[in-house]
Amino acid sequence: MEEDLFLSDLTGICRAAFGASWTGKSDDNIERLRQISWIPKELLTLYETIGKESNLLFDYYKGGFYPAAKIEMEPRGDCKNARWKPYLIYYQSAKDAYWGRYSYSDSHPPKNNGIFVWHNSIDGWKQAYGYESTHTLGTVLLYQVAEQLIAQMDHCIWVKVSLAKSQEDWPYLTAAKRLGMTPFKSISYFHYAYAYDIERQLLMIYDDDSSKRCLVYGSSLSELEKLGQEFSIEWQQRDGKMILNPKTFIQSTPPSSYEEKLDMMSATLLGKRSMALPLSEIEKAEKRLETVFPDALKAFYLRFGKGGKLFCKESLNLIYTPKELEYSSDSKHIILAQENQGLWQWCLHKETGQIDLDLGDGNWDDWEMDLEDTLLWLLAMQATGFFPHGGECLLEQDEEDIELISHFFHFLTKEKFDVFVNPERRIIGCRDVDGLYIMASKESEIVRLEEVANIEVSVF
């Protein structure tokens, strides 16, 4: 019975996206999968149904399911031991994301759905984030199909729906009922859920974090317009183009000078608090080190010199306060900050003013950012630990994504790594070699940014 309900939900969301006449077609290589004795019924049903649907199969920029012929087997542990089975790699996220390849293995602890994700930074498998151990394999597969489908639908709106709780229904079921959509029948509700309408070719996403509003994607523009006659709606995407509301854009004046950028960083990171250090304390450090600090470093310490939790390893890297500054082993550089594991240090050459990386063992590297941008970037990176909400964001450094971000943030640096802030909402973004991060003092501001900019921020 469960298998029939899974197939019904799978067929339903595909017909909502491709049309009521859509019928599933099995992959020609389905026999290859049937030969695997431990393959779960849901995964086999999936490939028997969408195995030839090119819109759902893997594309580097869109992600998707591997064709049956290309499904990989990755050894796990001692495969000669009957307790261990290899990983069956079947799905990859879009744009070769940080959490990239999804796999299934039936060698897993009790109550575990068997889904693992390849963690690029450690070159190994870890339990998939975003899905709890109580979520069934069917839940994961249906959500991955739905994610692929909505990415290809040309129109999207926010719909305001009254979600007053009743004794009978969860808010998700109430939203689906009031919008006239069919909720999934094969899986249990949790905080993030889909519903569909085959006749009107609509897909709905309900999320507990988006109070009283649901995202509705449509293949039919007219059907979304009809929803606007009954509900309050806000367009997110039309004819494949994102629709942004200028009322949600940042309203403050962008900073021009370095000092104005520091003040904006202070307003964003600290709000009304202050970590300002008196000039006399900075002068004491200059006297102790027998040098004169560059104006950029003095301006930095005049606003943040007390350090506190913002400068500590718990926030990411260790940034030194003036009284903690010391010379490196070559006596030519002043150590400004240290990577949180102590692997390298950012150092200021006391004569040239250049920022160099001390890699240890006498090895040095040019940091390729000037002092001003380095200090701004170090502050922004500290926000990944100092602020309690946010995480990685999959945005590129192309013109389109930079233009999108510029509607909601002021860029402070655009050199080696981006730094951008929104002091009105106390949100800060920064980029390093591993990716782009967006952090905020309040979770509601991350949720709001995702809604108005149609971007997704993961959770650390």
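**Exercise 1.** In this predicted model, determine which residues leucine 179 is in contact with, leaving aside its neighbours within four places in sequence, and then place leucine 179 within the largest nonpolar core.

*Solution.* Once the neighbours within four places in sequence are left aside, the contacts of leucine 179 are Val159, Val161, Arg200, Met204, Cys214, Val216, Leu227 and Phe231. The largest nonpolar core has 70 residues, and the members that touch the most others are Tyr47, Tyr90, Leu179, Met204 and Val216. Helix 4 (residues 137-150) supplies the largest share of this core, with 9 residues. Another core, of 53 residues, lies apart from it and includes Leu262, Phe300, Ala383 and Phe386.

**Exercise 2.** Describe how helix 9 (residues 295-304) and helix 10 (residues 371-386) pack, and classify the residues of their contact.

*Solution.* The axes of helix 9 and helix 10 are 9 Å apart and form an angle of about 25°. Because angles under 35 degrees count as roughly parallel, helix 9 is roughly parallel to helix 10. The crossing of helix 9 with helix 10 is right-handed. Helix 9 contributes Ala296, Leu297, Phe300 and Phe304, which meet Leu371, Glu372, Leu375 and Leu379 of helix 10. By class, this contact has 7 nonpolar, no polar and 1 charged residues.

**Exercise 3.** Decide whether glutamate 445 counts as buried or exposed, and list its contacts beyond four places in sequence.

*Solution.* Glutamate 445 belongs to helix 12 (residues 443-453). Its relative accessibility is 13%, and since buried means under 20%, glutamate 445 counts as buried. With neighbours within four places in sequence left aside, glutamate 445 is in contact with Arg425, Ile427 and Ala440.

How values were computed
Residues numbered from 1 in each chain as written. Predicted model: local features only at pLDDT ≥ 70, side-chain atom pairs only at ≥ 80, totals over all residues. Heavy atoms only, no water. Axes fitted to C-alpha atoms, helices over the stretch in contact; angles between N-to-C directions. Helix = DSSP H or I, 4+ residues; strand = E, 2+ residues; numbered from the N terminus. Parallel < 35°, antiparallel > 145°, perpendicular 65-115°, else oblique. Left-handed = near helix turned anticlockwise from the far one by under 90°. Contact = heavy atoms within 4.5 Å. Nonpolar A, V, L, I, M, F, W, Y, C, P; charged D, E, K, R; others polar. Buried < 20%, exposed > 50% of the residue type's maximum accessible area, 1.4 Å probe, protein only. Core = buried A, V, L, I, M, F, W, Y, C linked by side-chain atoms within 4.5 Å.
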